[in-house]
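This report describes charged and polar side chains in a protein model. Please look over the sequence and the structure before reading on.

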Amino acid sequence: MSNTVYGLSVDAADAGKLAHFWAEALGRDVAPGASPEFATLDPDRATWRLNFHQVPEPKSVKNRLHLDLISPTFEAESQRLVALGASRIRDVTQGSARWTTFADPEGNEFDLIAG
């Protein structure tokens, strides 16, 4: 027997608000019924679910799991993410690889890779 990834869940102070940031960042829609307690990006057959669940405690340490995004328009996309509410944490270059680590509006880290 094997398992299939159904989706990824993100803890949030305001699930609906954070879902709207990620919907804009990923070019997806928030599914109907989003609230501060629960929200999901509208799934389709080609992409996985991204769910947001309200939790009482604030984020306090670095993520153990994060999203890696890639963009052929790295500089423009970096600026767009900041305009949406992301914060730039650090720029990294390793050999020919280049990426920036950002934090979403609630502090969850993610990377944007130049590609």
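Where is the place of Thr 100? Thr 100 sits in strand 6. The model is a predicted one.

## Thr 100 and Asp 91

Thr 100 has a relative accessible area of 0%, so the residue counts as buried. The side chain of Thr 100 makes a polar contact of 2.6 Å with the side chain of Asp 91.

Asp 91 is exposed, its relative accessible area being 54%. Asp 91 also takes part in a salt bridge with Arg 88, where 3.1 Å separates the closest N and O atoms. Arg 88 is partly exposed at 41% relative accessible area.

## A salt bridge between helix 2 and strand 6

The count of salt bridges is four. One of them joins the side chains of Glu 75 and Arg 98, with a distance of 2.9 Å from N to O. Glu 75 belongs to helix 2 (residues 74-84) and Arg 98 to strand 6 (residues 97-103), so this pair ties together parts that are 23 residues apart in sequence.

How much of each partner is accessible? Glu 75 has a relative accessible area of 42% and is partly exposed. Arg 98 is partly exposed as well, with 34% relative accessibility.

## A salt bridge within helix 2

Glu 77 and Arg 80 form a salt bridge, and their closest N and O atoms are 2.8 Å apart. Both residues lie in helix 2. They are three residues apart, which is about one turn of the helix.

Is Glu 77 buried or exposed? Glu 77 is buried, because its relative accessible area of 15% is under the 20% limit for that class. Arg 80, in contrast, is partly exposed, with a relative accessible area of 31%.

## A patch of negative charge

Which residues gather in a patch of negative charge on the surface? They are Glu 24, Asp 29, Asp 42 and Asp 44. A residue must have over 30% relative accessible area and no salt bridge to be part of such a patch.

Glu 24 is located in helix 1, which covers residues 15-26. With 49% relative accessibility, Glu 24 is classed as partly exposed, because the partly exposed class lies between 20% and 50%.

Definitions and conventions. Residues are numbered from 1 along each chain as its sequence is written. This is a predicted model: local features need pLDDT of at least 70, side-chain atom pairs count only at pLDDT 80 or more; totals for chains, interfaces and linings use all residues. Side-chain values use heavy atoms; hydrogens and water are left out. Patches are made of residues with over 30% relative accessible area and no salt bridge: like charges are joined within 9 Å, nonpolar side chains (Val, Leu, Ile, Met, Phe, Trp, Tyr) within 5 Å. Accessible areas come from the Shrake-Rupley method with a 1.4 Å probe; for residues, only the protein chains shown count as cover. Lys and Arg count as positive and Asp and Glu as negative; His and the chain ends are not counted. The place of a charge is taken as NZ of Lys, CZ of Arg, CG of Asp or CD of Glu. Helices (H or I, at least four residues) and strands (E, at least two) are DSSP runs, numbered from the N terminus. Buried means under 20% relative accessible area, exposed over 50%, partly exposed in between (1.4 Å probe, protein chains only). A polar contact is a pair of N or O atoms within 3.5 Å; within protein, one must be able to donate a hydrogen and the other to accept it, and residues adjacent in sequence count only if both atoms are side-chain atoms.
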